[in-house]
Amino acid sequence: VLDISFFKTQNMNKIKTTTRFLLLSLLIVFACTKDADIQLSFPFTLEDQHNEIATINYREPTKITINPEQIVTDNIYQFSYSVIEGEGYLRYEGSNEPLLENTNHTCEALELNLEFIGTELGLAKLSFIVDDLEDRSENIILNYNVIHNPFTWEVNSALENVTINQTVPL
């Protein structure tokens, strides 16, 4: 007597194996033909914090924060600035070296701690631009009113009457 169940099991295994192979092959073909969109950069905004009143030739702390929609660790941001009106420059906080205008500087972090030094009285207006790897760009305008350092000088004397052109002890 011949056992037919043995042959049925072998044929079923071949059919299952062939079906699995065909499905896996189709899956690989479809997977390889799809375009993958890998985004290395996302839109971002800039936020600034600084006093608009600055004292001439004195540092005014200026903080610029880059706020991306998604943080990508491999993305690199660069910034540059230019003085549109007035006179002055930016430098890194604690540094004495001015940052060159119209030159790209790499952002080491998403928060930039800078200092503005106004070198002429009046309004100073700076254009601050940040770019990323995919040439996305954001621009903010930094406005400073550069003034003299306000001071008062008071003199007291024990004398009540003073004659003009006379020296008096204070």
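Which side chains meet in a salt bridge at 3.8 Å, N to O? They belong to E115 and R59, and we get to them in View 3. A quick note before the tour: this is a predicted model.

**View 1. An open sheet of 4 strands, β1-β3-β7-β5.** Start with the open sheet, where 4 strands line up in the order β1-β3-β7-β5 and the pairing is antiparallel. Its edges are β1 (44–50) and β5 (88–92), each of which pairs on one side only. On average, neighbouring strands in this sheet are turned by 30° against each other, direction ignored. Zoom in on β5 and you find it paired with β7 (residues 111–118) in the antiparallel sense, over 5 bridges. To pick out one spot along that pairing, look for R91: its bridge partner in β7 is E115.

**View 2. An open sheet of 5 strands, β2-β9-β8-β4-β6.** This open sheet has 5 strands, running in the order β2-β9-β8-β4-β6, and its pairing is mixed. Here the edge strands are β2 (53–55) and β6 (105–106), and each pairs on one side only. Inside the sheet, β4 (residues 78–85) and β8 (residues 122–131) pair in the antiparallel sense over 7 bridges. A handy landmark is Y81, whose bridge partner in β8 is F128.

**View 3. E115 and R59, a salt bridge between strands.** Back to the opening pair: the side chains of E115 and R59 meet at 3.8 Å, N to O. The two sit in distant parts of the chain, with E115 in strand β7 and R59 in strand β3 (residues 59–68), 56 residues apart. Is E115 buried or exposed? E115 is buried, because its relative accessible area is 3%. R59, on the other hand, comes out as partly exposed, at 36%. R91 joins in as well: R59, R91 and E115 are linked in a network of salt bridges. Recall that R91 is also the residue whose bridge partner in β7 is E115.

**View 4. K63 and E111, another link between β3 and β7.** The side chains of K63 and E111 meet in a salt bridge too, at 3.7 Å, N to O. K63 lies in strand β3 and E111 in strand β7, so this pair ties together parts that are 48 residues apart in sequence. Both ends are partly exposed: K63 has a relative accessible area of 25%, and E111 has 40%.

**View 5. E134 and R136, a salt bridge to find by number.** In this view E134 forms a salt bridge with R136, and their closest N and O atoms are 3.5 Å apart. E134 is partly exposed, with 39% relative accessible area. R136 is partly exposed as well, at 26%. For the full tally, the count comes to 4 salt bridges.

**View 6. F79 and Y92, an edge-to-face pair.** Now for the rings: a search of the whole structure finds 4 aromatic pairs. In one of them, the rings of F79 and Y92 have their centres 6.3 Å apart and their planes at 90°, so the pair is edge-to-face. F79 lies in strand β4 and Y92 in strand β5, so the pair ties together parts that are 13 residues apart in sequence. F79 is buried, with a relative accessible area of 0%, while Y92 is partly exposed, at 32%. The two have company, since F79, Y92 and F128 form one aromatic cluster. You have already met F128 as the bridge partner of Y81 in β8.

**View 7. F116 and Y144, a stacked pair.** How far apart are the ring centres of F116 and Y144? The distance is 4.0 Å and the planes are at 10°, so the pair is stacked. Distant parts of the chain are linked here: F116 is in strand β7 and Y144 in strand β9 (residues 137–147), 28 residues apart. F116 is buried, and so is Y144.

**View 8. A nonpolar patch on the surface.** For the last view, head to the outside, where L23, L26 and F30 form a nonpolar patch. Together they have about 330 Å² of accessible area. F30 lies in helix α1 (residues 4–33). Why does F30 count as exposed? Because its relative accessibility is 53%, and the cut-off for exposed is over 50%.

Note on methods:
Residues are numbered from 1 along each chain as its sequence is written. This is a predicted model: local features need pLDDT of at least 70, side-chain atom pairs count only at pLDDT 80 or more; totals for chains, interfaces and linings use all residues. Side-chain values use heavy atoms; hydrogens and water are left out. Patches are made of residues with over 30% relative accessible area and no salt bridge: like charges are joined within 9 Å, nonpolar side chains (Val, Leu, Ile, Met, Phe, Trp, Tyr) within 5 Å. Accessible areas come from the Shrake-Rupley method with a 1.4 Å probe; for residues, only the protein chains shown count as cover. Buried means under 20% relative accessible area, exposed over 50%, partly exposed in between (1.4 Å probe, protein chains only). Two strands pair if DSSP finds at least two bridges between them. Axes are lines fitted to C-alpha atoms, for helices over the stretch in contact, and angles run from 0 to 180 degrees between N-to-C directions. Rings of Phe, Tyr and Trp (its six-membered ring) pair if their centres lie within 6.5 Å; planes under 30 degrees apart count as stacked, over 60 as edge-to-face and the rest as tilted.
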